[in-house]
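Hi there,

Here is the structure I promised to pass on. Have a look at it first, and then read on for what turned up in it.

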Amino acid sequence: MISPSSFLNRYPREAIFFLIASFINSSGSAFMWPLTTLYVHTILQRSMTEAGFVLMIQSLAGIFGQFIGGSLFHRLGAKRLIVGALIFQGLIQFSIPFVQSWPVYLLLMMGLGFTFNLSFPAIQAFIGFRWKEQRRELFNIVYVGNNLGMAIGTALAGVIATLSFQLTFWFNSTSTLLFALFFFLFMKNISHQELVGEQQEEQQKDREKNFTLLLRYQLYLFMALGAALIFFSNTVWNTGVAPYITEQGMPLSSYSWLWTINGIIIFAGQPITSWIKRLLNQSLSAQLVVSAIAYAVGFGCMLAYHGSYYAFVVGMVITTFGEMLISPTIPTFISEKTGENAPFYLGVVGAITTGGRLLGPLAMGFMYDNGGIHPTLFLATLVSAGSVLLCLLHAYFHREKRTEVEAKY
């Protein structure tokens, strides 16, 4: 276990500042996102169907935000894109409590989904460009830190929401605007040229032609589709497991405990994840395959033994390890393999995976309404198995000779 002093000395001071700012921002984000459905239903007096519609249009707007954000990284520059998107996002968050009109609220939530995802590939690209030598570790630390921030923020959000829903939006807005201020000051003396490095003429031409980049499907397509299927199947927790547990007469705390286990595993399981990565010779493609297998096995276990609550506990443990492998691996792979075009590909992959999150609740909800938990878990297992095949295909295109891997590490 790394001591705090060793951790601080291991990374550049500016990277530590970034991690702290990212943690604060993720904590603030958690003040709003988990409470959207509750806000729509209790404050705006709308149905749960309409609340689900809000989440759907947010995801749709997010797909466009991811793609456009990746495409504009080099044209606007990292600083303008990230700071601008965060400022608009913070202003939207601040204004939401003042809006009572349903159409205006929908427009604001679309804008929020768009601006949030607009900055996402740019921030990932920033990490990959700024700290190239340590980006594998930093992507993982950001993932773990953001999960910690979300856990703390979600816990505080419920308490603050009982006092005032307005405060949750304003806390969210404040953290976002502070994150924008951090990037504005942090990148004050960092030019875009300094961030991305020297550019070759051929790379500049490729960068200007997004269609040409899309044709290199081996770089991103199978990985993105595999991840989209994983995120599609992962929605079974909310649209299958949650209602099933309550229908079985179990308290809601039984469901929340599953996510407590998720948080514990993400932190306590880091040594195990590191061991798995070493076992796989630090191969990013292999990590994606193992992640997909973990999801398929976890959901398969739940399908076979769903009569017992412990099957969901075991399933959560297994799928959490899958999550720990895939979440930091995707931006790392894109950053290492695509060079200056990383922002564009991060946006494309993000848009495709967001599509999985968008379609998952609709499909899982339909399966549960028409057959209950068994066909819902069967669909999750089947789709996860499909992601294994796609990740294997991705690994085939990016296989490395053992000697090359050993020389690299």
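Helices here are DSSP runs of at least four residues, numbered from the N terminus. By that numbering, Asn281 sits in the loop that joins helix H15 (270-279) to helix H16 (284-304). Please keep in mind throughout that this is a predicted model.

Let me stay with that loop for a moment. Most residues other than glycine have a negative phi. Asn281, however, has a positive phi, near 60°. Gln282 is also found in the loop between H15 and H16, and this residue too has a positive phi, of about 60°, although it is not a glycine. Are these two buried or exposed? Asn281 has a relative accessibility of 29%, so it counts as partly exposed. Gln282 is partly exposed as well, with a relative accessible area of 25%.

Next, the aromatic rings. The structure holds 30 aromatic pairs. One of them is formed by Trp237 and Trp259, whose rings meet edge-to-face, at 6.1 Å centre to centre and with 70° between the planes. What does this pair tie together? Trp237 belongs to helix H13 (residues 236-247) and Trp259 to helix H14 (residues 252-268), so the pair links parts that are 22 residues apart in sequence. The two partners differ in their surroundings: Trp237 is buried, at 1% relative accessibility, whereas Trp259 is partly exposed, at 34%.

There is also an aromatic cluster, made up of Phe18, Phe126, Trp131, Phe179, Phe182, Phe183 and Phe186. Two other rings have a charged side chain over the face. Lys79 lies over Phe184, 4.5 Å from the ring centre, and Arg357 lies over Phe231, 4.0 Å from the ring centre.

Now for a helix pair. Two packed helices are described by the angle between their axes and the distance between the axes. For helix H6 (residues 102-130) and helix H18 (residues 342-371), the axes come within 9 Å and cross at roughly 140°. Angles over 145 degrees would count as roughly antiparallel, so H6 and H18 are oblique to each other. The crossing of H6 past H18 is right-handed. On the H6 side, the contact is made by Pro121, Gln124, Ala125 and Phe129, and on the H18 side by Ala342, Pro343, Leu346 and Gly347.

Pro361 is also in helix H18. With 32% relative accessibility, Pro361 counts as partly exposed. Which residues does Pro361 touch, leaving out those up to four places away in sequence? They are Thr235 and Thr239. Thr235 and Pro361 are 126 residues apart in sequence, yet their C-alpha atoms are 5.8 Å apart in space.

Finally, a look at Gln89, which is found in helix H5 (residues 78-95). The cut-off for a buried residue is under 20% relative accessible area, and Gln89 has 2%, so it counts as buried. Beyond its neighbours within four places in sequence, Gln89 is in contact with Leu112, Thr115, Phe116, Ser119 and Thr176.

If you would like a place to start on screen, try the loop with Asn281 and Gln282, then go to the edge-to-face pair of Trp237 and Trp259, and finish where H6 crosses H18.

Happy browsing, and best wishes

Key: Residues numbered from 1 in each chain as written. Predicted model: local features only at pLDDT ≥ 70, side-chain atom pairs only at ≥ 80, totals over all residues. Heavy atoms only, no water. Helix = DSSP H or I, 4+ residues; strand = E, 2+ residues; numbered from the N terminus. Buried < 20%, exposed > 50% of the residue type's maximum accessible area, 1.4 Å probe, protein only. Contact = heavy atoms within 4.5 Å. Phe/Tyr/Trp six-rings, centres within 6.5 Å; stacked < 30°, edge-to-face > 60°. Lys NZ or Arg CZ within 6 Å of the ring centre and 35° of its normal. Axes fitted to C-alpha atoms, helices over the stretch in contact; angles between N-to-C directions. Parallel < 35°, antiparallel > 145°, perpendicular 65-115°, else oblique. Left-handed = near helix turned anticlockwise from the far one by under 90°.
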